[in-house]
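The exercises below are meant to be worked through with the sequence and the coordinates side by side. Try each task before reading its solution.

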Amino acid sequence: RRVHGGSCQVSATMEVAVPASLSARPRWVPDAEAPICFECKRKFSMTTRKHHCRACGGVFCTKCSDKTLPLVKLGYDAPERVCNTCFSNRQKLMKGYLASVQSLFDAFDLKRS
């Protein structure tokens, strides 16, 4: 069973990418197999709801999955709920991408308008 531990992949186009071995959305962990949040370990209850990350399939509490991302490659038309780790991975990629673009501008002494 694939659980969060580094299974999230992000492409250079800023889309959360499906692993090469899969052609569909990630398998959602069944609710019965997730008595606690995969990130903060808070126990789920009537007041602490379960939410599936659309990018990795893990189960998280509201606090640990309160962000959204566009996941077009996974077949979602609108931004969808993702866990903090998937969101953070996307942010790191974006920073790297922007740094690369800046390096190109610097290398060719181009000015941004």
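In this predicted model, 34% of the 113 residues of the protein count as buried, and the protein exposes about 7300 Å², of which carbon and sulfur atoms supply 56%.

**Exercise 1.** Determine how many helices and strands the protein has, and in what pattern they follow along the sequence.

*Solution.* The secondary structure comes to one helix and six strands. Read along the sequence, these elements give the pattern β-β-β-β-β-β-α. As for contacts between residues at least 6 apart in sequence, 45% of them join residues at least 24 apart.

**Exercise 2.** Locate Ser65, decide whether Ser65 is buried or exposed, and state which backbone oxygen its side chain reaches.

*Solution.* Begin with the position: Ser65 sits in the loop between strand 4 (59-60) and strand 5 (67-69). Next, take its relative accessibility, which is 0%, so Ser65 counts as buried, the cut-off for that class being under 20%. Then follow the side chain, which reaches the backbone oxygen of Cys61 at 2.8 Å. Finally, leaving aside neighbours within four places in sequence, the residues in contact with Ser65 are His51, Phe60, Arg81, Val82, Cys83 and Asn84.

**Exercise 3.** Find the salt bridges in the whole structure, and explain what the pair Arg54 and Glu80 ties together.

*Solution.* A search of the whole structure finds two salt bridges. In one of them, the side chains of Arg54 and Glu80 meet at 3.7 Å, N to O. Because Arg54 lies in the loop between strand 3 (51-52) and strand 4, whereas Glu80 lies in strand 6 (residues 80-82), this pair ties together parts that are 26 residues apart in sequence. Glu80 counts as buried, at 19% relative accessibility. Another salt bridge joins the side chains of Lys67 and Asp66 at 3.2 Å, N to O; here Lys67 is partly exposed, with a relative accessible area of 30%, and Asp66 is partly exposed as well, at 48%.

**Exercise 4.** Examine helix 1 by placing Arg90 and Leu98, and classify each as buried, partly exposed or exposed.

*Solution.* Arg90 belongs to helix 1 (residues 84-107), and its relative accessible area of 9% makes Arg90 buried. The side chain of Arg90 reaches the backbone oxygen of Pro70 at 3.4 Å. Leu98 is also found in helix 1, but at 48% relative accessibility Leu98 counts as partly exposed. Together with Met94 and Tyr97, Leu98 forms a nonpolar patch on the surface, with about 280 Å² of accessible area for the three residues together.

Technical notes
Residues are numbered from 1 along each chain as its sequence is written. This is a predicted model: local features need pLDDT of at least 70, side-chain atom pairs count only at pLDDT 80 or more; totals for chains, interfaces and linings use all residues. Side-chain values use heavy atoms; hydrogens and water are left out. Helices (H or I, at least four residues) and strands (E, at least two) are DSSP runs, numbered from the N terminus. Buried means under 20% relative accessible area, exposed over 50%, partly exposed in between (1.4 Å probe, protein chains only). A polar contact is a pair of N or O atoms within 3.5 Å; within protein, one must be able to donate a hydrogen and the other to accept it, and residues adjacent in sequence count only if both atoms are side-chain atoms. Contact means heavy atoms within 4.5 Å. Accessible areas come from the Shrake-Rupley method with a 1.4 Å probe; for residues, only the protein chains shown count as cover. Patches are made of residues with over 30% relative accessible area and no salt bridge: like charges are joined within 9 Å, nonpolar side chains (Val, Leu, Ile, Met, Phe, Trp, Tyr) within 5 Å. A salt bridge is a side-chain nitrogen of Lys or Arg within 4 Å of a carboxyl oxygen of Asp or Glu.
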